[in-house]
Amino acid sequence: SLKISPQAVSKDKLDTEDIASKTLPSIVMLKNDSSNGSGFVVSPGLIITNRHVVSSRDPRYQITSPSIG
């Protein structure tokens with residue numbers, strides 16, 4: 001079962017540069033011989049992506065991040 005809990009939300013207004021600097025480090029690219037796409041890191045060892053990105057028969061992916069090169 002899925003548990004959803006309310007979380008505190010900051011009332012601070014962020015401009016585009018602030019949002020980008022906070023979110024871009026979590027974006028990753030996933031690639032193998034038959035598929036590629038993007039996802040984002042939500043916690044150490046856990047990446048969220050779309051199903052079509054990981055639906056190939058090969059479960060091995062190269063994962064890269066623009067923020068770490």
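**Exercise 1.** Leaving aside its neighbours within four places in sequence, with which residues is serine 56 in contact? Place serine 56 in the predicted model and classify its exposure.

*Solution.*
Step 1. Locate the residue: serine 56 sits in the loop that links β3 (46–49) and β4 (62–64).
Step 2. List its partners, without the neighbours within four places in sequence: Asn32, Ser34, Ser35 and Tyr61.
Step 3. Look for polar contacts. The side chains of serine 56 and asparagine 32 are joined by one of 3.0 Å. A polar atom of the serine 56 side chain also lies 3.2 Å from the backbone oxygen of aspartate 58.
Step 4. Classify the exposure. The relative accessible area of serine 56 is 18%. Buried means under 20%, so serine 56 is buried.

**Exercise 2.** Determine whether threonine 23 is buried, partly exposed or exposed, and find which backbone oxygen its side chain reaches.

*Solution.*
Step 1. Threonine 23 belongs to helix α1, which spans residues 16–23.
Step 2. Its relative accessible area is 38%. Buried is under 20% and exposed is over 50%, so threonine 23 is partly exposed.
Step 3. The side chain of threonine 23 reaches the backbone oxygen of isoleucine 19 at 2.9 Å.
Step 4. An α-helix has 3.6 residues a turn, so residues three or four places apart point the same way.
Step 5. For a distance across the chain, take serine 55, which is 32 residues from threonine 23 in sequence. The C-alpha atoms of the two are 25 Å apart.

**Exercise 3.** How many of the eight residues of helix α1 are buried, and which side-chain oxygen reaches a backbone nitrogen at its start?

*Solution.*
Step 1. Count the buried residues of α1: zero, and the helix is hardly covered.
Step 2. Examine the start of α1. There, a side-chain oxygen of aspartate 15 comes within 3.2 Å of the backbone nitrogen of glutamate 17.

**Exercise 4.** Describe the order of elements in the chain and decide whether the chain is a compact globule or more spread out.

*Solution.*
Step 1. The chain contains one helix and four strands, in the order α-β-β-β-β from the N terminus.
Step 2. Compare the radius of gyration with the globule rule: 15 Å is well over the 11 Å given for 69 residues, so the chain is more spread out than a compact globule.
Step 3. Add the extents: along the principal axes, the C-alpha atoms fill a box of roughly 45 × 35 × 20 Å.
Step 4. Add burial and surface. Of the 69 residues, 14% count as buried. The chain exposes about 6200 Å², and carbon and sulfur atoms supply 56% of that area.

Methods:
Residues numbered from 1 in each chain as written. Predicted model: local features only at pLDDT ≥ 70, side-chain atom pairs only at ≥ 80, totals over all residues. Heavy atoms only, no water. Helix = DSSP H or I, 4+ residues; strand = E, 2+ residues; numbered from the N terminus. Rg over C-alpha atoms; globule rule 2.2 N^0.38 Å. Buried < 20%, exposed > 50% of the residue type's maximum accessible area, 1.4 Å probe, protein only. Areas by Shrake-Rupley, 256 points an atom, 1.4 Å probe, with all protein chains shown as cover. Polar contact = N/O pair within 3.5 Å; in protein donor to acceptor, adjacent residues only side chain to side chain.
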